[in-house]
Amino acid sequence: MGDPDDVIIVTGAASGMGRACAHRFAGRARLVLVDLDPVAVEAVATATGGHPFAADVTDAERVAELAAFVASTGRFRALVHAAGISPVMAEPARILEVDLRGTALLLDAFDRLVVPGSVAVCFASIAATMIAGAGDPAIDAVLDDPLADDLVERLRVLERSPLDDPALAYGWAKRAVVRLVRRTAPTWGPRGARIVSLSPGVIDTPMAAREEAVGPMIAQLMETTPLHREGTADEIAAVVDFLCSTDASYITGVDIVVDGGTTAGLATGI
Ligand SMILES: NC(=O)c1ccc[n+]([C@@H]2O[C@H](COP(=O)([O-])OP(=O)(O)OC[C@H]3O[C@@H](n4cnc5c(N)ncnc54)[C@H](O)[C@@H]3O)[C@@H](O)[C@H]2O)c1
């Protein structure tokens, strides 16, 4: 990254892909490592020379404290937002809160820190493209207002409510992240900053292991995935590194799919 004042923030840094990103960026900037799990994030911070910052990304006050800490530490160079939960981990409302509202809170808080060269990579998922109701304007209108106090109530009254189904809640939350990133890019671009979403396919992390344990869906997906294997957290960290680098200086406002071809396999039925 270069400038000694550069700060790279990684959320979800205690596990999986966030942890791999923390290791990838170790020694290259001031690292601020954010996670709900204070003990595990402390261990990653010790291993990478980063600064641990225990926080729940759905806690607006704590997210504001994080932004203030980053501002006092240096220059916002990159935000890698990997914190998230999957369908087996929580009730639908909590999935929407963490995966969607948490992302919106972070982007809101970091907006005032944006300087030329700042980059954000927000983790979405290929699940966003695999859900029922995608493209329904009534659903998108609700999802496009993620900080509304009545988000959950507005979703509850929809004909196909994600509050009845954690997998739907997850897919919609991630679809909303892709859309939020797309809407944010035009406001960051004139300030010399970039933002992308990254949609992993099935990546070998503790999260994927928990999803695999409850049913055959992931094994079935691997059968139709052209590379016939799960990705590794390091393969994702390598793409994140590229997206945050100046080599990616013309990439903004898009979703980058890194899935070993899973979505292509689903589309073509191979
Ligand atoms: N693993 C996959 O196959 C896969 C596929 C598609 C998308 N994703 C997405 O990639 C991201 C990273 O997933 P992973 O597989 O590395 O997961 P993981 O479970 O290994 O790690 C996620 C980390 O996020 C933290 N976290 C959860 N809720 C939080 C909160 N409210 N505040 C702060 N930290 C919180 C957890 O403590 C954990 O350390 C997630 O957004 C996930 O939805 C994962």
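Two residues count as in contact here if their C-beta atoms, placed from the backbone, lie within 7 Å. Keep that in mind for the whole tour. You're looking at a predicted model, where local features need pLDDT of at least 70, side-chain atom pairs count only at pLDDT 80 or more, and totals for chains, interfaces and linings use all residues. Residues are numbered from 1 along each chain as its sequence is written.

**Stop 1: colour by confidence.** pLDDT is the predictor's confidence in each residue, from 0 to 100. The protein averages 94, and 98% of the residues score at least 70. Now pick out helix α6 (residues 151-156), which has the lowest mean pLDDT among the elements, 87, and then strand β5 (residues 119-123), which has the highest, 99. The names come from DSSP runs numbered from the N terminus: helices are H or I with at least four residues, strands are E with at least two.

**Stop 2: the ligand.** Select the 29 residues around the ligand; Gly12, Gly16, Gly84, Thr205 and Met207 come nearest. Near means that the C-beta atom, placed from the backbone, lies within 6 Å. Two or more residues of this shell come from each of α1 (16-25), α4 (92-110) and α8 (206-212). Sort the shell by class and you get 15 nonpolar, eleven polar and three charged residues. (Ala, Val, Leu, Ile, Met, Phe, Trp, Tyr, Cys and Pro count as nonpolar, Asp, Glu, Lys and Arg as charged, and the others, Gly among them, as polar.)

**Stop 3: α3 against α4.** Show helix α3 (residues 60-73) with α4: they pack at about 40 degrees, with their axes 9 Å apart. Axes are lines fitted to C-alpha atoms, for helices over the stretch in contact, and angles run from 0 to 180 degrees between N-to-C directions. Which residues of α3 and α4 meet? Ala60, Val63, Ala64, Leu66 and Ala67 of α3 meet Leu105, Leu106, Ala109 and Phe110 of α4. By class, that contact has nine nonpolar, no polar and no charged residues.

**Stop 4: α4 against α7.** Keep α4 and add helix α7 (residues 166-188); the axes come within 8 Å and cross at roughly 10 degrees. That makes α4 roughly parallel to α7, a label for angles under 35 degrees (over 145 is roughly antiparallel, 65 to 115 roughly perpendicular, the rest oblique). The contact includes Ile95 and Leu96 of α4, and Ala169 and Tyr170 of α7. Its residues divide into 13 nonpolar, two polar and two charged.

**Stop 5: α1 against α10.** Finally, show α1 with helix α10 (residues 233-244), where the axes come within 8 Å and cross at roughly 55 degrees. So α1 is oblique to α10. Here Gly16, Met17, Arg19, Ala20, Cys21 and Arg24 in α1 meet Ala233, Asp234, Ile236, Ala237, Val240 and Asp241 in α10. This contact has seven nonpolar, one polar and four charged residues.
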